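Could you take me on a short tour of this model? I have it open in my viewer and would like to know what to select next and what is there.

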Amino acid sequence: MGTFPFDLSAQLVLTVLEDHVVVVAENNFVIVNFKDHAALERVLYNVLPPSSGKGGGSLGESLGKARELNQALGKAGLVVDVRVNNKTYVEFGTGNMPKITANAVFGKVGSWFKRS
């Protein structure tokens with residue numbers, strides 16, 4: 001992506017309550033890595049405002065917001081790879097929609113059986 005207006009180069013550890021989130025960036029590519037799925041859920045719960053809707057509507061709202069984020073990152077020329085335990089869960093900025101992997105689906109299902 002030669003038209004990217006600046007280069008990123010960073011290694012950062014963010015702490016949200018007890019969870020550490022590793023952020024690594026190079027050029028236009030950013031990796032955000034969580035220790036496990038439970039840490040991802042705790043960080044999202046503590047950082048993002050709660051959804052105003054309940055039931056089926058909230059899933060649609062979440063997908064719409066993910067699509068908006070994906071489009072904004074794509075326009076900016078950024079690629080953000082969200083990982084859990086070093087496995088890609090979702091990638092933003094590379095296509096029309098975010099790329100959600102099987103790891104994300106299995107991680108969510110697995111989290112239903114684990115309680116922290």
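Here is a tour that starts with the whole chain, moves to the strands and ends at the surface.

**Whole chain.** Begin with the cartoon view, keeping in mind that this is a predicted model. Colour by secondary structure and you will find 3 helices and 6 strands. Followed along the sequence, they come in the order β-β-β-α-α-β-β-β-α. The chain has 116 residues, and 30% of them count as buried. Switch on the surface: about 8000 Å² is accessible, with 61% of that belonging to carbon and sulfur atoms. If you like contact maps, note that among contacts with a separation of 6 or more, 41% link residues 24 or more positions apart.

**First stop: strands S1 and S2.** Select residues 8-16 for S1 and 19-27 for S2; the two run antiparallel and are joined by 9 bridges. Zoom in on Val16, whose bridge partner in S2 is Asp19. The hairpin here leaves 2 residues between the strands, and Leu17 in the turn has a positive phi of about 55°.

**Next: strand S3.** Add residues 29-34, which run antiparallel to S2 with 6 bridges between them. Val24 pairs with Ile31 in S3. This second hairpin has 1 residue between S2 and S3.

**Last stop: a nonpolar patch.** Now select Leu63, Ile100, Val105 and Phe106, which form a nonpolar surface patch with about 420 Å² of accessible area together. Where does Leu63 sit? Leu63 belongs to helix H2, residues 56-76. With a relative accessible area of 44%, Leu63 is partly exposed, and patch members need over 30%.

Key: Residues are numbered from 1 along each chain as its sequence is written. This is a predicted model: local features need pLDDT of at least 70, side-chain atom pairs count only at pLDDT 80 or more; totals for chains, interfaces and linings use all residues. Side-chain values use heavy atoms; hydrogens and water are left out. Patches are made of residues with over 30% relative accessible area and no salt bridge: like charges are joined within 9 Å, nonpolar side chains (Val, Leu, Ile, Met, Phe, Trp, Tyr) within 5 Å. Accessible areas come from the Shrake-Rupley method with a 1.4 Å probe; for residues, only the protein chains shown count as cover. A salt bridge is a side-chain nitrogen of Lys or Arg within 4 Å of a carboxyl oxygen of Asp or Glu. Helices (H or I, at least four residues) and strands (E, at least two) are DSSP runs, numbered from the N terminus. Buried means under 20% relative accessible area, exposed over 50%, partly exposed in between (1.4 Å probe, protein chains only). Contact means heavy atoms within 4.5 Å. Two strands pair if DSSP finds at least two bridges between them.
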